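Colleague: Could you take me through one part of this model up close, the parallel sheet and what packs on it? I'd like the cut-offs spelled out as you go.

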Amino acid sequence: MTTIDSINNWFIQNFGAITTEQVKGWFVYDPDEKLLFNTGLFLGLFLVFYFVYAFLRKTFYLRLTYVILFSLFFYYKSSGIYFLLLLLSSVVDYGLSQIIFKATKDSTKKIYLVISVILNLGLLGYFKYMNFMIVTFNDMFHGNYKLHDIFLPVGISFYTFQSMSYIIEIYREEIKPTKNYIEYLFFVSFFPQLVAGPIVRAKDFLPQIYEKLNLTKQDVNNALFLIIGGLIKKTVISNYISVNFVDRVFDTPLSYTSFENLMASYGYAIQIYCDFSGYSDMAIGIALLLGFKLPANFRTPYKSVSITDFWRRWHISLSTWLKDFLYISMGGNREGSFAGYLFPSIFFFGLLLWGITSYNTSIIPLIVATVSILLFCLSFLLSSKKKQTLVTNLNLFTTMLLGGLWHGAGAQFIVWGALHGLALAVHKIFMELFPSKKDKSPNFFWRFFSIVITFHFVVFCWIFFRARDFETALQVINNIGQLTFEPELWQTIILGYKNVFGLMLFGYVWHFLPETFTNGMKSVFDKTPLLIKAIILGFVYWIVYATAVAGSQPFIYFQF
Amino acid sequence: MNTKPYFFQSFAIVAIAVVAFVGFKQVLPDKIFSESKMNSKNVLIDSLLLEAVAKDSLSVNDSINGTDAEGAEEIVYENIEGIEFPSETFDEYKGYQYLISFYEKLYQLEKNPGQNVRIAYYGDSMTDGDLIVQDVRTNYQERFGGHGVGFVSISSESAASRGSVKSTYSKNWKTQSYLNVKRPASPFGVNGHVFFANDKNNVTWVQYEAGTNKYSTTLDNPTLFYGRSSKKGNVNFIIGKDTLRKNLNPSNLVNSLKVTSGSIKSFKANFVHADSIPIFGFNFDNGSGVHVDNFSQRGNSGLPLSIFNANVMQAFNNNLKYDLIILHYGTNVLNYGTKNYSWYERGMTKAVNKIKESFPGVSILIVSTADKSTKYDLEMKTDSAVVPLMKSQKKYALETESGFVNLYMLMGGDGSMVKWVDESPARANKDYTHFNQRGAKAIGNLLYNQLNKGYEQYKALREKRDLSVKPKVIRNPKADSVSVKNDSVNE
């Protein structure tokens with residue numbers, strides 16, 4: 001008995017006494033405590049889940065059902081009752097996909113495809129964009145419509161896109177439908193990528209369901225390496241610098257110096273990368289532990305030598321989704337479409353309107369509007385194949401506009417998408433006018449220069465992405481514009497925020513490390529014995545914990 | 001390569017890692033990031049605060065001051081010329097009684113709109129960029145009239161974030177602030193700063209442009225305030241295309257020079273040969289109604305008020321005639337790991353007494369610290385120092401016979417800052433300390449509403465007062481203007 005008592009005492013000492021109230025808290029939805037991969041609760045639940053999963057590895061439907069139930073619970077913990085929405089939309093989508101598959105006439109197929117797209121986008125539109133549309137309408141026409149009290153279900157943008165990919169791929173006859181609803185639900189609700197991607201394509205994922213479940217030592221090594229990296233990126237780098245520095249500056253940019261604004265912009269660039277790619281890496285790693293391979297979502301994007309390159313390295317699952325289902329559907333580089341003309345026209349018209357209406361206070365908006373329209377026109381007028389380039393650029397621009405809007409309902413996201421769309425068009429015409437020699441790789445300095453330019457353009461666009469609204473973004477940019485060279489002052493600021501700047505530096509150095517170096521680290525990790533790996537992982541847990549409990553950095557005021 | 005299923009090994013790694021974590025947690029320190037204090041000449045630190053904290057650490061005594069029994073203690077007011085606000089408990093303390101002279105001035109203004117009521121709002125970073133204060137000002141000007149942003153310093157760390165008036169200035173001003181200078185070259189102005197244009201090679205200038213706030217769309221009767229010096233100097237005021245050259249005669253402790261009469265949109269002031277003349281700032285008001293000066297200073301604990309030069313302040317007061325002084329501090333004394341604020345209570349009592357000496361007969365209002373959150377374990381909660389600080393602020397408010405606004409309770413009490421930050425749209429910033437525009441507006445309204453409630457109550461009491469009762473002697477002998485005028489005066 002003494003041993004049980006002592007174990008109990010040890011447990012209480014280390015974890016605290018556990019009350020029924022707490023246990024209830026583990027299983028009941030709490031809007032303030034989302035079940036993220038980097039929480040202790042997830043770790044505990046996963047351990048139990050994984051233990052049983054290992055025993056079920058040889059079963060099929062039992063295993064699928066088991067994972068589905070865990071996934072639904074996982075979703076319930078994040079969004080409460082809205083897990084029913086996930087279920088409902090999956091039933092409807094599954095039904096429609098069956099009809100499309102079985103239909104013989106092309107026209108019937110098309111009708112049902114359109115219905116499903118409208119349903120899916122309608123659902124997404126209502127939950128994500130309804131209030132934005134009401135606000136925009138009220139602003140433009142002085143309307144007085146009340147806002148709806150809408151809860152945005154977690155991950156709705158991700159799983160909507162995922163189910164759309166399934167239906168469209170069936171329509172395009174790229175995949176065969178699953179044998180039954182259980183298999184389909186497994187694909188849609190698979191918890192690792194459910195709430196924040198990567199957006200897994202049906203044709204990549206479905207075949208894996210039917211393969212014999214296997215997990216090699218190498219898989220586990222890869223998975224652990226991804227999870228460790230992801231944890232550090234998300235919980236240490238991203239969370240710390242956002243709470244202690246970036247959020248503060250973007251809250252009230254004018255209260256901070258130009259240098260702090262500049263550093264906050266750099267800080268946000270590494271923060272969003274670490275946050276997003278870190279969470280993706282954890283998702284991919286966890287899926288891998290379960291024996292499923294999800295495609296990579298980020299490939300050190302800030303090493304890109306051009307904006308086109310950037311979009312091949314940033315949030316790859318989204319950019320390929322948009323390319324395959326939006327860009328190609330609109331006509332890609334072949335033909336124009338109504339949407340392809342509509343959205344850019346509305347955007348440029350709005351831009352011009354903004355320029356004209358604010359002409360009395362400042363001429364800059366009008367200049368910005370004129371220059372952007374001019375740039376866009378030049379991007380196809382200078383081309384040798386004007387018609388085709390125009391169509392391509394319109395479709396590309398629309399894709400980026402809508403892609404921007406997908407990230408959030410707000411004008412600043414549209415501006416962000418537009419900037420990227422414009423840059424892609426400009427880069428394309430640049431490549432046409434000054435083609436790079438294929439046989440020779442560009443010299444070091446040119447490469448370095450390209451990376452620096454691309455990186456700074458991306459950072460510039462992130463300012464719009466991060467800022468609370470358009471006005472705040474302009475304040476940040478304006479403030480950075482007044483930067484003067486004052487090394488002594490910069491040093492003081494850097495010393496004042498040494499933890500934050502240290503982590504930023506760590507993040508960037510890690511990001512820009514040559515691939516051979518990271519591969520080397522990986523192979524060393526692969527070779528370490530199981531126990532050491534576990535200890536390393538445990539140490540990373542501790543780092544996560546210690547960062548999470550770290551109090552926020554006290555306020556510092558600089559005087560200049 | 002080994003292709004045998006690796007599930008249980010994989011599970012073992014995750015499970016052992018958990019055990020390893022528990023081990024690390026016991027062996028390794030609790031926190032990764034050091035929270036070292038920094039000291040550098042470019043960092044704003046309230047030097048009086050540091051001294052007070054250092055002195056206090058010698059007598060470590062972390063018992064929380066104030067007991068619950070104290071909270072129920074009854075505070076009964078003395079009748080002042082027939083007006084006696086109902087008694088209240090320490091818990092509910094608002095001290096309207098001590099604002100009577102201010103309320104009487106408001107009352108007179110309401111009856112004779114040509115009169116003038118002036119409020120000085122001293123604060124820290126909470127009121128930076130005219131946050132909160134501009135909303136209090138707008139509320140008063142909306143009801144009682146008045147136009148203009150009041151007194152504005154030459155330069156301020158937060159000038160860029162101020163929307164109610166835009167000011168830009170050359171970088172060659174020499175600035176001394178009561179925050180970190182104990183013995184200035186020349187006494188501080190009412191704003192706690194003194195500026196010198198002592199660059200002989202380049203022009204030292206300041207430029208003001210009216211903002212877009214209601215009732216502050218023009219610069220009204222812009223007037224320069226400057227101090228005493230043995231040498232004379234010049235200043236060029238540039239309004240549009242005109243340049244007015246004026247002499248500075250620094251013969252008095254505080255001198256004023258009107259730029260122009262009436263309202264203008266913007267102007268620039270170039271100081272020439274003014275190198276030894278202490279410059280304080282400009283005042284903008286239309287001469288009637290309510291005017292509220294914002295004297296915010298980042299990092300200020302409030303203690304520096306005690307080094308004001310009473311003679312200089314009285315000279316300012318003769319010019320500007322203050323009726324209410326608001327002291328809104330506390331944020332900067334929350335971070336010192338102590339819950340015993342007796343040192344702060346002592347220091348602030350001294351500071352308030354200095355204000356009384358500087359502005360004889362003025363009403364004083366103490367605004368407590370707002371709620372502020374700190375992370376405890378993994379959760380953001382109300383900082384454990386907030387309530388002790390608020391209580392000590394209430395104590396020196398009562399002690400010095402000042403009115404009191406319990407901002408902490410007003411914004412919702414325990415855990416309210418977390419709510420203000422997390423709600424959508426947010427009303428406070430992610431530092432869990434400062435309000436954003438929206439939140440500041442709400443705070444400004446809450447403040448005004450409490451003050452106004454007292455005013456309405458005052459008016460009701462004034463109506464009902466029984467003048468046959470002989471007025472008692474007022475406790476503050478200097479407070480001539482405290483006396484409530486008889487209505488007959490107005491007839």
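Modeller: Sure, terms up front: helices (H or I, at least four residues) and strands (E, at least two) are DSSP runs, numbered from the N terminus. By that count chain B has 11 helices and 22 strands. Keep in mind that this is a predicted model, where local features need pLDDT of at least 70 and side-chain atom pairs count only at pLDDT 80 or more, while totals for chains, interfaces and linings use all residues. Residues are numbered from 1 along each chain as its sequence is written, and chains are lettered from A and ligands numbered from 1 in the order in which they are written.

Now the sheet. Two strands pair if DSSP finds at least two bridges between them. In chain B, 5 strands make an open, parallel sheet, ordered β17-β3-β18-β19-β22. β17 (289–296) and β22 (403–405) of chain B each have a single partner strand, so they are the edges, with one side left without a neighbour in the sheet. From one strand to the next, the twist averages 20 degrees; axes here are lines fitted to C-alpha atoms, for helices over the stretch in contact, with angles from 0 to 180 degrees between N-to-C directions.

Zoom in on β3 (residues 116–123) of chain B: 5 bridges tie it to β18 (residues 324–328) of chain B, in parallel. Across that pairing, B:Tyr122 sits opposite B:Leu327 in β18(B).

As for packing, helix α4 (residues 100–111) of chain B lies across β3, β18 and β19 (363–367) of chain B, at about 140 degrees to β3(B). Contact means C-beta atoms, placed from the backbone, within 7 Å.

Key. Two residues are in contact if their C-beta atoms, placed from the backbone, lie within 7 Å.
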